[in-house]
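Here is a short tour of a pocket and of the helix that helps to line it. Have a look at the model first, and then read on.

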Amino acid sequence: MATKEDVQKLASLARIRVVEEELQKFTEEFDSILAYVGKLEELAIDTKGAQGLPALRNVFREDGEPHESGAYTGKLVEAFPGKEGNLLSVKQIITHD
């Protein structure tokens, strides 16, 4: 069971500010998430049929240096819709509502 201190520590690691009034709500949500992940661990997965399958591998390219480091950085920055100097802006995905 998660505690408010766990949520505060997690928020601190994620550099998210959580006000005291929201701690209880986030603690309950965090517990729900952990309970769901715990259910996934209970899944009985049959691995006997997978023995004949080849190992996973990257089918897109051979391992190694695919291109010179930074070769596409300029083009990516140029194509990005929001930027301030060398910083790229993205849509906010976490809110405190």
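Helices here are DSSP runs of at least four residues, numbered from the N terminus, and a residue lines a pocket when it has an atom within 4 Å of a pocket point. Please keep in mind that this is a predicted model.

Let us start with the pocket. The largest pocket has a volume of about 310 Å³. It is lined by 13 residues, and those closest to its centre are Val7, Leu10, Ile16, Val18 and Phe26. Two elements, helix H1 (4-13) and helix H2 (20-41), give two or more residues to this lining. H2 gives the most, with four residues. By residue type, the lining of the largest pocket divides as follows.

| Type of lining residue | Number of residues |
|---|---|
| Nonpolar | ten residues |
| Polar | two residues |
| Charged | one residue |

Now to H2 itself. This helix has 22 residues and reaches 32 Å from its first C-alpha to its last, close to the 32 Å expected at 1.5 Å a residue. Its buried residues are Glu22, Leu23, Phe26 and Thr27, and H1 is among the things that cover them. Phe26 thus turns up twice: it is one of the residues closest to the centre of the largest pocket, and it is a buried residue of H2.

Is threonine 27 buried or exposed? Threonine 27, which sits in helix H2, counts as buried because its relative accessible area is 5%, and the cut-off is under 20%. Leaving aside residues up to four places away in sequence, threonine 27 touches Ala2, Thr3, Lys4 and Val7.

How values were computed:
Residues numbered from 1 in each chain as written. Predicted model: local features only at pLDDT ≥ 70, side-chain atom pairs only at ≥ 80, totals over all residues. Heavy atoms only, no water. 1 Å grid on protein atoms, 1.4 Å probe; cavity = no way out; pocket = protein on both sides within 12 Å on 5 of 7 lines; lining within 4 Å. Points joined across faces, edges and corners; volume = space filled by probe spheres on them. Nonpolar A, V, L, I, M, F, W, Y, C, P; charged D, E, K, R; others polar. Buried < 20%, exposed > 50% of the residue type's maximum accessible area, 1.4 Å probe, protein only. Contact = heavy atoms within 4.5 Å. Expected span 1.5 Å × (residues − 1).
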